[in-house]
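The following note is offered to a colleague who is reviewing the model. The points are numbered for ease of reply.

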Amino acid sequence: MRTALDAMGGDHAPQPNIDGAIAALQGDPNLEVVLVGEEGLLEDLVGKSGYSGERLEIRHADGVVEMCEKPTDALRSKPNCSIAVCWQMMASRDVDAVVSAGHTGAVVAAGLRTRLFLKGVKRPGIAVAVPTITGQSVLMDVGANPAARPEHLYQYGIMGEIYAREVLEVQDVRVGLMNIGSEDGKGTELVQEAHALLSTRPLKDRYIGNVEGRGVYQGEADVIICEGFVGNVVLKVSEGVAQMMLGTVAKTVVENLSSEREHAGNLLRKMSQRFVHNESGGAPLLGIDGICIIGHGSSNAQSITNALRVATTFRDRRINSQIVEAIAAHKVS
């Protein structure tokens with residue numbers, strides 16, 4: 001497995017990316033990592049790490065897309081920035097996967113420019129695993145496609161079902177559609193048309209109908225489909241609420257304990273790991289002819305290590321081959 005890692009992507013790059021890559025290489029003898037970024041800086045940091053350099057390559061790139069930049073403008077003015085070079089390498093089949101904790105919009109935009117879509121896929125989407133009271137559910141799309149069409153949402157159901165089954169290891173996957181009510185006839189024209197497709201096409205055996213926002217974390221469905229704009233808002237609001245609630249609970253509980261404060265604090269921190277990105281590593285951009293894992297901007301070394309491992313899991317479990325086969329069998333004209 002050969003993976004291009006955007007070494008310059010992320011709030012704290014490049015050090016966590018280098019540390020995460022080295023840890024992943026030490027844990028997987030079949031992994032090769034190409035660090036993409038400022039060559040001199042990366043060579044210096046890798047040298048200081050003491051790592052032998054085995055199966056670790058450095059590829060030079062000019063610049064990085066900053067979080068404040070508009071992705072399309074940045075990619076136009078920086079055609080050889082780190083994320084663009086990563087995608088160029090995958091387009092030329094020099095690597096099997098791309099991992100980045102950089103600007104999500106730039107990662108998606110650079111990927112869409114290559115037109116590396118799997119056969120039959122109309123539009124790729126980002127799938128995120130979110131915690132629920134029953135385990136985990138897949139929320140898709142969370143930002144790649146804010147102008148989705150009904151057939152896009154239908155295909156997200158197909159791809160999300162495969163991801164939930166093969167990576168999250170969910171049996172008997174239930175697929176739901178994000179809506180403002182559970183009844184038929186609810187929602188926008190887009191959602192109603194998507195509901196009709198899901199209800200009548202072969203995926204109907206997995207489709208449980210509309211799911212309201214509160215049902216996401218109740219575990220009402222294992223895959224929740226939505227357009228990118230809605231999914232991104234849901235994800236960001238959820239992150240904010242989780243941080244606020246956990247912070248408030250931790251402060252209130254720990255401050256009012258006369259003993260066992262340290263133990264309580266450790267338990268709360270352990271519980272909070274279910275809600276942070278560091279544990280899952282990142283979100284896949286499903287539907288591309290290759291593998292792309294998008295990490296959170298504040299990813300640490302463990303996040304990067306996990307993202308590299310997830311990319312390998314995608315390869316080992318033939319996620320893309322299964323998507324192509326399922327799309328062909330569930331073709332929407």
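**Notes on the predicted model**

1. Strand E1 (residues 2–6) pairs with E4 in the parallel sense, over three bridges. Within this pairing, Leu-5 stands opposite Val-99 in E4. Please bear in mind throughout that the model is predicted.

2. E4 also pairs with strand E11 (residues 291–294), again in the parallel sense and over four bridges. Here Val-98 of E4 stands opposite Cys-292 in E11.

3. Is strand E4 covered or open on its two faces? Both faces of E4, which spans residues 97–100, are covered. Ala-97 and Val-99 are buried on one side, and Val-98 and Ser-100 are buried on the other. The general background is that side chains in a regular strand alternate between the two faces of the sheet.

4. Helix H4 (residues 82–91) is mostly covered, with eight of its ten residues buried. The buried residues are Ser-82, Ile-83, Ala-84, Val-85, Cys-86, Trp-87, Met-89 and Met-90. Just after H4, Arg-93 adopts a positive phi of about 65°; the backbone at this residue may be worth a look during review.

5. A nonpolar patch on the surface is formed by Phe-229, Val-233, Val-237, Val-241, Met-244, Met-245 and Val-249. Together these residues have about 630 Å² of accessible area. One of them, Val-237, lies in helix H8, which runs over residues 228–255. As general background, an α-helix has 3.6 residues a turn, so residues three or four places apart point the same way.

6. Which residues form the positive surface patch? The patch consists of Lys-119, Lys-122, Arg-149 and Lys-331. Of these, Arg-149 lies in the loop between E6 and helix H6 (150–166). Arg-149 counts as exposed because its relative accessibility of 51% is over the 50% cut-off.

7. Gly-135 lies in strand E6, which covers residues 135–140. Gly-135 is classed as partly exposed because its relative accessible area of 27% falls between the 20% and 50% limits. The C-alpha atoms of Gly-135 and Glu-325 are separated by 28 Å, and the two residues are 190 residues apart along the chain.

8. To recapitulate the strand pairings, E4 pairs in the parallel sense with E1 and likewise in the parallel sense with E11. The surface description rests on two patches: a positive one that includes Arg-149, and a nonpolar one that includes Val-237.

Definitions and conventions: Residues are numbered from 1 along each chain as its sequence is written. This is a predicted model: local features need pLDDT of at least 70, side-chain atom pairs count only at pLDDT 80 or more; totals for chains, interfaces and linings use all residues. Side-chain values use heavy atoms; hydrogens and water are left out. Buried means under 20% relative accessible area, exposed over 50%, partly exposed in between (1.4 Å probe, protein chains only). Patches are made of residues with over 30% relative accessible area and no salt bridge: like charges are joined within 9 Å, nonpolar side chains (Val, Leu, Ile, Met, Phe, Trp, Tyr) within 5 Å. Accessible areas come from the Shrake-Rupley method with a 1.4 Å probe; for residues, only the protein chains shown count as cover. A salt bridge is a side-chain nitrogen of Lys or Arg within 4 Å of a carboxyl oxygen of Asp or Glu. Lys and Arg count as positive and Asp and Glu as negative; His and the chain ends are not counted. The place of a charge is taken as NZ of Lys, CZ of Arg, CG of Asp or CD of Glu. Two strands pair if DSSP finds at least two bridges between them.
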